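Subject: Structure for you to look at

Dear colleague,

Here is the structure I said I would pass on. My notes on it follow below.

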Amino acid sequence: MSIHLDLAAHLESHFGEHLERPVEIKLDALIAHFQNGVSLEARFADPYAYAIAWAWGEAELRIDTAPVHAELATFPNHLHGPDGGLYADPLTLPGATPWDNLQRVIAALLADPLLDPLTPSSGA
């Protein structure tokens with residue numbers, strides 16, 4: 001759980017002005033709600049095993065490292081797009097620190113919650 005406590009502290013320190021309310025810490029995750037309407041849930045087991053999921057309106061997206069899509073250039077990490085498609089992960093790098101990966105995702109979501117044009121069919 002300490003990894004999520006550390007991440008929450010970094011998140012509040014670096015992105016606090018964008019938060020709708022304080023970061024929630026769960027047993028194996030952190031949950032953050034941003035002023036732009038993004039709700040994010042991050043789960044890190046270690047720098048190589050993680051899932052970062054978010055919702056914005058009806059759209060749900062997720063980046064994770066489950067080793068199930070070997071056809072993608074960024075295997076094992078991949079992006080589940082808002083259209084249900086699978087894409088190469090444009091943001092995270094397995095082995096990078098959890099904070100490096102989380103802050104890259106948050107910065108991108110603050111700019112565009114659907115990651116347009118990083119996901120080819122994400123415009124809605």
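Ala32 of β2 stands opposite Leu40 in β3. This is a predicted model, and the pairing belongs to two antiparallel strands, β2 and β3, joined by four bridges. They form a hairpin with four residues between the strands, and in this hairpin Gly37 takes a positive phi near 95°.

On its other side in sequence, β2 is paired with β1 (24-25). Two bridges join these strands, again antiparallel, with Ile31 in β2 as the bridge partner of Glu24. β1 and β2 also make a hairpin, with four residues between them.

Is β2 covered on one face or on both? Leu30 and Ala32 lie on one side, Ile31 and His33 on the other, and all are buried, so both faces are covered. In a regular strand the side chains alternate between the two faces of the sheet.

Next, α1. The helix runs over residues 2-15. Its 14 residues should span 20 Å at 1.5 Å a residue, and the end C-alpha atoms are 19 Å apart, which agrees. His4, Leu7, Ala8, Leu11 and Phe15 are the buried residues of α1. Viewed down the helix axis, these buried residues fall within an arc of 105°, so they line one face of α1. An α-helix has 3.6 residues a turn, so residues three or four places apart point the same way. Ser2 and Ser13, on the other side of α1, are exposed. What covers the buried residues of the helix includes β1, β2, β3 and α2.

Then the core. The largest nonpolar core has 30 residues, and those with the most contacts inside it are Leu11, Phe34, Leu40, Ile52, Trp54 and Leu102. At least two residues of this core come from each of α1, β2 (30-33), β3 (38-46), β4 (49-56), β5 (59-64) and α2 (98-111). The largest share, six residues, is supplied by α2. In soluble globular proteins, nonpolar side chains tend to be buried together.

Which residues does Phe34 contact, leaving aside its neighbours within four places in sequence? They are Leu11, Phe15, His18, Leu19, Glu20, Leu40, Ile106 and Leu110. Two of these, Leu11 and Phe15, are among the buried residues of α1, and Leu40 is the residue opposite Ala32.

Regards

Notes: Residues are numbered from 1 along each chain as its sequence is written. This is a predicted model: local features need pLDDT of at least 70, side-chain atom pairs count only at pLDDT 80 or more; totals for chains, interfaces and linings use all residues. Side-chain values use heavy atoms; hydrogens and water are left out. A nonpolar core is a set of buried Ala, Val, Leu, Ile, Met, Phe, Trp, Tyr and Cys residues joined through side-chain atoms within 4.5 Å. Buried means under 20% relative accessible area, exposed over 50%, partly exposed in between (1.4 Å probe, protein chains only). Contact means heavy atoms within 4.5 Å. The expected span of a helix is 1.5 Å times one less than its number of residues. The arc is that of the directions from the helix axis to the C-beta atoms. Two strands pair if DSSP finds at least two bridges between them.
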